[in-house]
Amino acid sequence: MSRLEIQKSIGLKGKVRISGSKNSVLPILVGSLLTDEGCEVQEIPMLKDVVIMKELLEYVGADINWDQKDAVIKIKTDTIHCKDMTYDLVKKMRASILMLGPLLAREGYAKIFLPGGCAIGTRPIDLHLKGFSALGVEIRQEYGYIEARSKGLVGGKIYLDFPSVGATENLMMAAVLADGETIIENTAVEPEIVDLANFLSQMGAQIHGAGTDTIRIIGVKQLKGVKYKIIPDRIEVGTFMIAAAITNGDIMIENVISKHLNPLIAKLEENNVIVQVMDNKIRVKADAGVHSADIKTLPFPGFPTDMQAPYMSLMSVSDGTSVLIETIFENRFMQVSELVKMGADIKVEGRSAVVKGVKTLTGSNVCATDLRAGIALLLAGLRAEGKTIIDDIYHIDRGYEKVVEKFAKLGARIRRID
Ligand code: UD1
């Protein structure tokens, strides 16, 4: 199994182009099941998660043509079968659960094993299921499977106890073909929700209020095939912003929607990092020491939980002490033991991590326990003396396109080894 070798790489410099958003492409590909006309989705990132999603969609009968050079997927969905989605199929990716909404809307039936994905918390799906019940779906859970059946979805009123990204997406996809009006309250407002709503609206769905905490959907009889370009990956942007900061570098990040990055931009400015926002680019430059700052992860537009681990790497070499509070997932400090092996001074108490900046990190053998923990180690490795070897990098490949090539082009000493 391949590993990453990283050597200290101060002063990353140059341009990097951001790929399409992982968290947009997954729901949007699933959403194309809602029409039998076929869709074309552009800016598809070459990620393990997209490969897994492709397999899942093909399993239920979609015909997928992925032009990797042009980053385009053409998907034909004229015939869909409701086959059981087994443990082996769904264990690798949490987003598999998003198949439920479109399959229920289109076929009235879906059976799926409880999905896997990153082990960053218990990650229940109760909000998805409660919402489906409000749309008239009958749900049975046994032997690890969710079996969902509907004789025709009907609009309903749904209140989400927490603004879950996945539940908002799943329910939105079910409601667009339901009979009548659906109102979902306390919805997630992440940019990826708006992207999915834009895609569905272009297909002919009637969705109002995406990007606010209440979404109103008037069900339509059918949707049409469309061509759609997904938004850039804001978490990949944030990762390169931190790469510039942690290496005292100067990076021009292209293909960016900067308003999606406001919480991180504000923090980095507080950290004494220079952030220049241009039309669809961001330049990040750091030449002095990085100041410490506290963060608390929150739903958008708060500080994103997906940036907490990368930000921790930066804070571990800051000039003071920072407190990082994780409020979204209960087990999202798995990078800590690995960063400590590299010389970081971090103590975790419940949902808080106290990070005392150290002068030097040192390379070590470490393990990527999940996607964002993995990239946090890569960032720390760029700053650490000597050599860092990261194991289990399949986690990183799930969410970062051409990660070695992109970092190497900026001057990082990084390579895959067996
Ligand atoms: C999505 C993102 C992930 C990001 C997360 C939060 C994708 C593919 N993944 O994950 O990168 O970290 O949003 O921004 O888009 N919850 C429940 N019951 C439910 C659903 C969720 O209790 O039915 C809880 C979860 O356990 C978690 C919190 O709500 O504690 C947020 O989860 P959610 O917003 O659903 O995250 P995902 O959609 O899984």
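**Exercise 1.** With which residue does Asp 161 form a salt bridge, and how far apart are the closest N and O atoms?

*Solution.* The model is a predicted one, in which local features need pLDDT of at least 70 and side-chain atom pairs count only at pLDDT 80 or more, while totals for chains, interfaces and linings use all residues. Residues are numbered from 1 along each chain as its sequence is written, and side-chain values use heavy atoms, with hydrogens and water left out.

Begin with the criterion: a salt bridge is a side-chain nitrogen of Lys or Arg within 4 Å of a carboxyl oxygen of Asp or Glu. The partner of Asp 161 is Lys 130, and their closest N and O atoms are 2.8 Å apart. Next, place both residues: Asp 161 lies in the loop between strand 9 (157–159) and helix 6 (165–175), and Lys 130 lies in helix 5 (residues 126–134), so the pair ties together parts that are 31 residues apart in sequence. Helices (H or I, at least four residues) and strands (E, at least two) are DSSP runs, numbered from the N terminus. By the salt-bridge rule, the count comes to 26.

**Exercise 2.** Describe how domain 1 and domain 2 meet.

*Solution.* First fix the bounds, which come from an automatic or database domain assignment: domain 1 covers 3–19 + 232–417, and domain 2 covers 22–229. Their centres, taken over C-alpha atoms, are separated by 30 Å.

Then consider the interface, where 24 residues of domain 1 are in contact (heavy atoms within 4.5 Å) with 23 residues of domain 2. The two domains bury about 2,000 Å² between them, 55% of it on carbon and sulfur atoms; buried area is the accessible area (1.4 Å probe) that two parts lose on being put together, summed over both.

Finally, turn to the charged pairs: three salt bridges are counted between domain 1 and domain 2, and Arg 398 forms a salt bridge with Asp 49, with the closest N and O atoms 2.7 Å apart. On the side of domain 1 that touches domain 2, helix 12 (371–383) and helix 13 (394–399) each supply at least two residues, and the largest share, three residues, comes from helix 13.

**Exercise 3.** Which geometry does the aromatic pair of Tyr 87 and Phe 113 have?

*Solution.* Rings of Phe, Tyr and Trp (its six-membered ring) pair if their centres lie within 6.5 Å, and planes under 30 degrees apart count as stacked, over 60 as edge-to-face and the rest as tilted. The whole structure holds five aromatic pairs. Tyr 87 and Phe 113 are 5.3 Å apart centre to centre with 75 degrees between the planes, which is edge-to-face.
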